[in-house]
Structures are given as structure tokens and as C-alpha cells.
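Open the model in your viewer and keep the selection panel at hand. We will go from one stop to the next, with a note on what to select and what you will find there.

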Amino acid sequence: MKLQTYTKCEDGSTKVSFNEPTVADAFQFEDINPKLEQKALTEYLNHMLSDGQDHDSKNWTVYDRITALMWIYVLSRDDRSVLMTYQCKYCNEEHGVPVDLASLFKSLVYAGREMKEPFEFGNLKGVIVPLRGYAMERLEQLTNLRDSHPINSKAYKARNDDIYLYRIAYSVELDGEDESLSPDERADQRVEEFLKRPLKDKSFQSLVAKVRIVASEMRHGLPCVIRDGGVLLVTQEHECPNTEGAKTRLMLPFQAVDYMPSLQLEGQETADQLAFILD
Ligand SMILES: [Zn+2]
């Protein structure tokens, strides 16, 4: 069965049709390693497309990937709420709040601008673009590589610098690039180009600053913020029950694997709950 049509938030016009997840899909996509979730997310979205559509979610923006995943999740379940707990800064107690994921779609944003912004810093010229699926997959690989080294080691620091450089590299296209190369090869060339630039001409530093500003202007889809490489969904405000008028904006940590289909067998849940009680 097909779900209600999804409209890409990047342009507000491209229509995408997804199938409702089945038991077979749950078998295929449950137990995904969270460290490989960007790759799995590409496979999942492509797998769920209804027949005959020419889309590859590898090329979708990070925002459309998250939003489409949540779209399928919300439309294919009866229970759309998650219990969120947070440490209240007003009374120092922990509060539990049910968050209705369907309600997040009331704040959906369609991009009101082109996804390309020209820049020119000396002879460093090109356009700023949003991060897309192939970039997220590469950044995930680089993050895993970094995390395979002990924190504070030289290797960890070097890989962390790579993540920084590649985040910028995937956020731009430079003038005169060879378009027959893959997105990853082009990113490699951009990193080389950045590294050899004279420090004093400040073109790279200026580009980093501009990418930050433009990236936030290009934001679309469900309201979210990207912090330390992780995504937080912006949800409702919650008023502290112990302090009148003291409200906290709730930010729900987002992991793609949490919204892929799973069987949720009754017996398994009971066993988990039992284990919890016995703990
Ligand atoms: Zn409180």
C-alpha cells in the first residue's frame, strides 16, 4: 500500500511516493548498526520508493532525508508519541514529557530559496550547497575512523580535522571542477585545494564563515539543529510543573535507526521489561 505523497522540502514541488513498511521490510532493516545508519538510511529510503520512480536519496539533502524518514514513520504507525525526559534547569528535577511526532509536521519548512549561493574569496570561487546523502555517508565513515583511535591521540586529532575539512568540502562546489568525477573524488580535490591555500590570504577562513551562515539559511524540512555531528529535532515547549511560567524548548536527539521499521514482538518486550525489573 502506498502512503500519502511526500513533497520534497528542498524545492517544495518534487513529489515522492513511498510504500507502507511491511514485515519483510522490518526483517531487512531492524538491527542496523547505528554507526552505519547514514548508509542504511539511503538504502531504506530507496527501498521504500513505490515502483518506477527515479530517485536516489543519496542525492537528497540531509534535511529531506530526515523528514522523509519521519514521514514514513508517522504515517505507518498508530502510536506516534515518544516519551522524552529532560533535566529541568529551573527545578533541577527530571521531567518526562510525551512528544507527538506527528505534530512536528505542523512546523515543516519548505525552502524559500535556491540551494546554491555563489561565493568569491580571491581566486577561490564557486557555490555553497547543502550537505547531501553521499556527504553524510562519507562523514559517517570519517567519524568511525576517528573513533577507532583513542581520544587525545594524534591520529584522533588528525581524523577530527578531516571531518572538519570534508564538512566544508561537501558544502561547496568550486569553479572549474571535473564533473565526470564522483562526488567523493571532487570532495577529495577540494580538500587538497583548501590545504594548499596561503594562510594569509584568508580565503579558506572566509569560506568557512560564509558556509556557516548560508547553511542555516538553506535549512528546510522538520525543524532541527545539527550539533557536534548529531541531529536534534526541535519539539514543543514544556512548562515546568514546579515553576510557574518557566518553559523549556525540548530538543529530541535524533537517530535514524530509531525510526526504521522493527517487529517489536510482544514476547521480546516483556523479556526486556522483565530484565529491567530484575536489574
Ligand atoms: Zn522543572
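## A tour of the model

Start by selecting Phe 121, which stands opposite Leu 124 in strand 6. Keep in mind throughout that this is a predicted model.

**The three-stranded sheet.** Extend the selection to strand 5 and strand 6 (residues 124-128), which pair in the antiparallel sense over five bridges. Now add strand 7: the three strands form an open sheet in the order 5-6-7, with antiparallel pairing. Strand 5 (117-121) and strand 7 (172-174) stand at the edges with a single partner strand each, so each has one side without a neighbour in the sheet. If you look at the twist, neighbouring strands here are turned by 30 degrees against each other on average, direction ignored. In general, strands of a sheet pair through backbone hydrogen bonds, so switching on a hydrogen-bond display is a handy way to follow the pairing.

What lies across these strands? Select helix 7 (residues 203-217): this helix lies across strand 5, strand 6 and strand 7, and runs at about 160 degrees to strand 5.

**Leaving the sheet by way of Leu 131.** Next, pick Leu 131, in the loop between strand 6 and helix 4. Is Leu 131 buried or partly exposed? Leu 131 has 19 other C-beta atoms within 10 Å, and a residue needs 20 or more to be buried, so Leu 131 is partly exposed. Show its contacts beyond four places in sequence, and you will find Thr 61, Val 62, Met 136, Tyr 170 and Ser 171. You can also draw a distance from Leu 131 to Asn 59: the two are 72 residues apart along the chain, yet their C-alpha atoms are separated by 9.2 Å.

**Helix 4 and what covers it.** Carry on to helix 4 (residues 133-147), with 15 residues. Helix 4 reaches 21 Å from its first C-alpha to its last, close to the 21 Å expected at 1.5 Å a residue. Its buried residues include Tyr 134, Met 136 and Leu 139, and also the charged-type names Glu 137, Arg 138, Glu 140 and Arg 146. To see what covers the buried residues, add helix 2 (37-48), helix 3 (62-75), helix 5 (154-169) and helix 6 (183-195), which are among the covering elements.

**Helix 2.** Now isolate helix 2, a run of 12 residues that reaches 16 Å from first C-alpha to last, close to the 16 Å expected. Colour Gln 38, Ala 40, Leu 41, Thr 42, Tyr 44, Leu 45 and Met 48, which are buried. The buried residues of helix 2 pack against helix 1 (23-29), helix 3 and helix 4.

**The largest nonpolar core.** Which residues have the most contacts inside the largest nonpolar core? Select Ile 66 and Leu 69, in a core of 37 residues. Helix 2, helix 3, helix 4 and helix 5 each supply at least two residues of this core, and the largest share, eight residues, comes from helix 3. Stay on Ile 66 to see that it touches Gly 221, Leu 222, Cys 224, Val 231 and Phe 254, not counting residues up to four places away in sequence.

**Two backbone stops.** Most residues other than glycine have a negative phi. Asp 31 has a positive phi of about 60 degrees; look for Asp 31 in the loop between helix 1 and helix 2. With 10 C-beta neighbours inside 10 Å, Asp 31 counts as exposed. Finish at Lys 202, where phi is also positive, near 60 degrees, in the loop between helix 6 and helix 7.

Note on methods: Residues are numbered from 1 along each chain as its sequence is written. This is a predicted model: local features need pLDDT of at least 70, side-chain atom pairs count only at pLDDT 80 or more; totals for chains, interfaces and linings use all residues. Helices (H or I, at least four residues) and strands (E, at least two) are DSSP runs, numbered from the N terminus. The expected span of a helix is 1.5 Å times one less than its number of residues. A residue is buried if 20 or more other C-beta atoms lie within 10 Å of its own, exposed if 12 or fewer, and partly exposed in between; C-beta atoms are placed from the backbone. Two residues are in contact if their C-beta atoms, placed from the backbone, lie within 7 Å. A nonpolar core is a set of buried Ala, Val, Leu, Ile, Met, Phe, Trp, Tyr and Cys residues joined through C-beta atoms within 7 Å. Two strands pair if DSSP finds at least two bridges between them. Axes are lines fitted to C-alpha atoms, for helices over the stretch in contact, and angles run from 0 to 180 degrees between N-to-C directions.
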